[in-house]
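Trainee: I would like a close look at one part of this model, and then at what lies around it. Please take it step by step.

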Amino acid sequence: MDLLASAILISLLWLLSLGLVVTAGAGTVVAYELCRRYVLGKDAGPWAIASKAWRQSWRQATLVGLLAVPVAAAGIFALSAVPVLGLGQVIVPILVVALFLVLLLFWCLPLVARFTNPTWRQVRNGLTLGLTTPSLTFLLAIALILTGVVVWNFIPAVFVAPGLILLWWCSLLERNFVTRGYVQPEPEEAEI
């Protein structure tokens with residue numbers, strides 16, 4: 001598939017999974033695995049990749065994804081207090097909630113897709129990696145804010161922007177995992 005078709009497919013699958021709160025974690029893992037296969041140039045079909053990723057990690061991804069529910073509830077509670085207390089009083093809790101959700105969604109769940117560890121270790125490793133690589137986390141935050149502005153101003157971008165963000169993020173993570181020695185680089189195809 002070409003980049004645009006892949007981005008649209010990944011965006012639609014991911015947005016559908018996020019719509020149902022319970023499947024958000026597993027849907028993110030499936031979307032990340034689709035992105036990873038695309039970034040690495042694997043030739044398996046998207047439905048085969050998605051079903052394999054779903055079978056392998058839906059339980060663990062659902063548990064990690066459900067960790068976001070109380071945090072998101074705290075964020076909604078903090079946002080609802082803005083009219084009463086003012087933004088200055090609740091900006092710190094809102095930023096902490098946003099940071100935790102970004103770490104959970106973009107660090108912990110890709111680890112669930114990529115590695116086989118116990119759930120508590122996936123969460124610990126994801127939070128540790130996200131906090132010890134602030135440049136990548138900050139870069140992701142900027143990309144998410146820019147994507148939000150683009151989607152807010154041009155609604156049809158919602159069908160492409162999330163997939164492009166995931167493809168970009170997956171390529172950054174794969175390079176980071178190889179650089180740190182967590183995974184071996186993919187062998188180059190021999191040219192004939």
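Trainee: How much space lies in the largest pocket?

Mentor: The model is a predicted one. About 460 Å³ of space lies in its largest pocket. The pocket is lined by 13 residues, and those closest to its centre are Ala 98, Leu 99, Val 102, Ala 141 and Leu 144. Three helices give two or more residues each to this lining: α4 (68-80), α6 and α8. Helix α8 has the largest share, with six residues. By class, 12 of the lining residues are nonpolar and one is polar, while none is charged.

Helix α6 is a useful thread to follow from here. As well as lining the pocket, α6 (87-114) gives two or more residues to the lining of the largest cavity, as do α2 (24-40) and α9 (161-179). The volume of this cavity is about 30 Å³, and the count of cavities of 30 Å³ or more comes to one. Its lining consists of Thr 28, Tyr 32, Leu 105, Phe 106, Pro 110, Leu 166 and Trp 169. With three residues, α6 gives the most to that lining. Six of the cavity-lining residues are nonpolar and one is polar, again with no charged residue.

Some of the cavity-lining names come back in the largest nonpolar core. That core has 41 residues, and the ones with the most contacts inside it are Ile 10, Val 64, Phe 106, Trp 107, Leu 166, Trp 169 and Phe 177. The helices giving two or more residues to the core are α1 (3-19), α2, α3 (46-66), α6, α7 (119-132), α8 (134-153) and α9. Here α6 supplies the largest share, 10 residues. Leu 166 shows how the core is joined up: beyond its neighbours within four places in sequence, Leu 166 is in contact with Ile 10, Trp 14, Ala 31, Cys 35 and Phe 106. Two of these partners, Ile 10 and Phe 106, are themselves listed among the core residues with the most contacts.

Charged residues are absent from both linings, but there are salt bridges elsewhere in the model, and the count comes to two. Side chains of opposite charge can pair when their charged atoms come close. In one pair, Glu 174 meets Arg 114, with the closest N and O atoms 3.0 Å apart. This pair links distant parts of the chain, since Glu 174 belongs to helix α9 and Arg 114 to helix α6, 60 residues apart. Both Glu 174 and Arg 114 are buried. Glu 174 counts as buried because its relative accessible area is 5%, and the cut-off for that class is under 20%. Apart from its neighbours within four places in sequence, Glu 174 is in contact with Tyr 32, Arg 36 and Arg 114. Of these partners, Tyr 32 also lines the largest cavity.

Arg 36 leads to the other pair. The side chains of Glu 33 and Arg 36 form a salt bridge, at 3.0 Å from N to O. Unlike the pair that links distant parts of the chain, Glu 33 and Arg 36 both sit in helix α2, three residues apart, or about one turn of the helix. Glu 33 is buried at 8% relative accessibility, and Arg 36 is buried too, with a relative accessible area of 9%.

Two further residues fill in the surroundings of α2. Val 39 is in this helix, and at 34% relative accessibility Val 39 counts as partly exposed. Outside its neighbours within four places in sequence, Val 39 is in contact with Leu 167, Cys 170 and Ser 171. The C-alpha atoms of Val 39 and Ser 171 are separated by 6.1 Å, although the two residues are 132 residues apart along the chain.

Ser 17, in helix α1, is buried, with a relative accessible area of 8%. Leaving aside its neighbours within four places in sequence, Ser 17 is in contact with Thr 23, Ala 24, Gly 27 and Thr 28. Thr 28 is also one of the residues lining the largest cavity. From Ser 17 to Val 30 the C-alpha distance is 9.4 Å, and the two lie 13 residues apart in sequence.

Terms used: Residues numbered from 1 in each chain as written. Predicted model: local features only at pLDDT ≥ 70, side-chain atom pairs only at ≥ 80, totals over all residues. Heavy atoms only, no water. 1 Å grid on protein atoms, 1.4 Å probe; cavity = no way out; pocket = protein on both sides within 12 Å on 5 of 7 lines; lining within 4 Å. Points joined across faces, edges and corners; volume = space filled by probe spheres on them. Helix = DSSP H or I, 4+ residues; strand = E, 2+ residues; numbered from the N terminus. Nonpolar A, V, L, I, M, F, W, Y, C, P; charged D, E, K, R; others polar. Core = buried A, V, L, I, M, F, W, Y, C linked by side-chain atoms within 4.5 Å. Buried < 20%, exposed > 50% of the residue type's maximum accessible area, 1.4 Å probe, protein only. Contact = heavy atoms within 4.5 Å. Salt bridge = Lys/Arg side-chain N within 4 Å of Asp/Glu carboxyl O.
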